[in-house]
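Let's read a protein model together, one feature at a time. Have a look at the sequence and the structure first.

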Amino acid sequence: MKTEPPKEHLWLHKLLGEWTTEMPAPGDSKEKCTGTESVRKLVDLWVLCEGRGEMPGGGIAHMLMTLGYDPQKKRYVGTWVGSMMTWMWIYEGSLDAAQEVLTLNSEGPQFTPEGNLVEGKLAKYRDVIEFKSDDHRVLTSHVLGEDGKWNPFMEAHYRRKEQAAEPKRKSEHALHDLG
């Protein structure tokens with residue numbers, strides 16, 4: 001069985017490549033947490049985003065996000081897991097009309113403002129991926145407050161790593177003659 005990717009999926013190809021990440025550490029705007037992300041295709045139907053970065057307070061985190069488009073739901077779908085927790089986040093979302101912002105909704109463990117887990121309670125979350133340019137995107141995470149407002153709690157900037165230029169051939173006819 002071969003499935004052709006829907007045109008909506010092609011938007012996700014903007015994510016492909018190697019990226020550096022940077023986000024302010026909570027409570028201290030001078031300290032930054034940095035990392036890397038490698039995004040590749042799983043055939044043409046999914047993208048896999050594999051990240052690694054510094055945790056606020058120390059240590060290294062590993063993350064994996066999957067994203068695709070479900071033509072039956074007419075929604076973007078995906079998952080996110082990280083080495084810092086046991087919860088698997090299930091995403092469903094959509095693009096804005098300008099096709100610059102992907103909003104992904106999820107549900108997950110509720111935390112206090114201090115970052116402590118509220119045992120047995122779930123909250124609604126929203127991750128927003130916005131392209132500022134082809135080589136710069138921003139991920140903002142929000143939680144739905146009791147007042148019905150989306151409260152941002154995390155922002156990360158992703159910048160595409162520069163790629164080495166392809167070597168030029170001296171001769172069109174000899175593969176061994178790369179210069």
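What follows is a short dialogue on the fold, the aromatic rings and one histidine.

Q: What kind of model is this, and how are its residues numbered?
A: This is a predicted model, in which local features need pLDDT of at least 70, side-chain atom pairs count only at pLDDT 80 or more, and totals for chains, interfaces and linings use all residues. Residues are numbered from 1 along each chain as its sequence is written, and side-chain values use heavy atoms, with hydrogens and water left out.

Q: How many helices and strands are there?
A: Helices (H or I, at least four residues) and strands (E, at least two) are DSSP runs, numbered from the N terminus. Here the protein chain has zero helices and 10 strands.

Q: What share of the residues is buried?
A: A residue is buried under 20% relative accessible area and exposed over 50%, with partly exposed in between (1.4 Å probe, protein chains only). Of the 179 residues in the protein chain, 33% are buried.

Q: How do I read a pair of aromatic rings?
A: Look at the distance of the centres and the angle of the planes. Rings of Phe, Tyr and Trp (its six-membered ring) pair if their centres lie within 6.5 Å; planes under 30 degrees apart are stacked, over 60 edge-to-face and the rest tilted. The whole structure holds six such pairs. In one of them, Tyr 69 and Tyr 76 have ring centres 4.9 Å apart and planes at 70°, so they are edge-to-face. Both of these tyrosines, Tyr 69 and Tyr 76, are buried, and they form one aromatic cluster with Trp 11 and Phe 131.

Q: Which strands hold Trp 89 and Tyr 125?
A: First, the geometry: the ring centres of Trp 89 and Tyr 125 are 4.9 Å apart with planes at 90°, so this pair is edge-to-face. Trp 89 lies in strand 6 (residues 89-95) and Tyr 125 in strand 8 (residues 117-133), so the pair ties together parts that are 36 residues apart in sequence. Trp 89 and Tyr 125 are both buried.

Q: Over which rings does the charged end of Arg 137 sit?
A: A charge sits over a ring if NZ of Lys or CZ of Arg is within 6 Å of the ring centre and within 35 degrees of the ring normal. The charged end of Arg 137 sits over the ring of Trp 19, 4.4 Å from its centre, and over the ring of Tyr 158, 4.1 Å from its centre.

Q: Is His 142 buried or exposed?
A: His 142, in strand 9 (residues 136-144), counts as buried at 14% relative accessibility. Contact means heavy atoms within 4.5 Å. Beyond its neighbours within four places in sequence, His 142 is in contact with residues including Tyr 125, Trp 150 and Phe 153.
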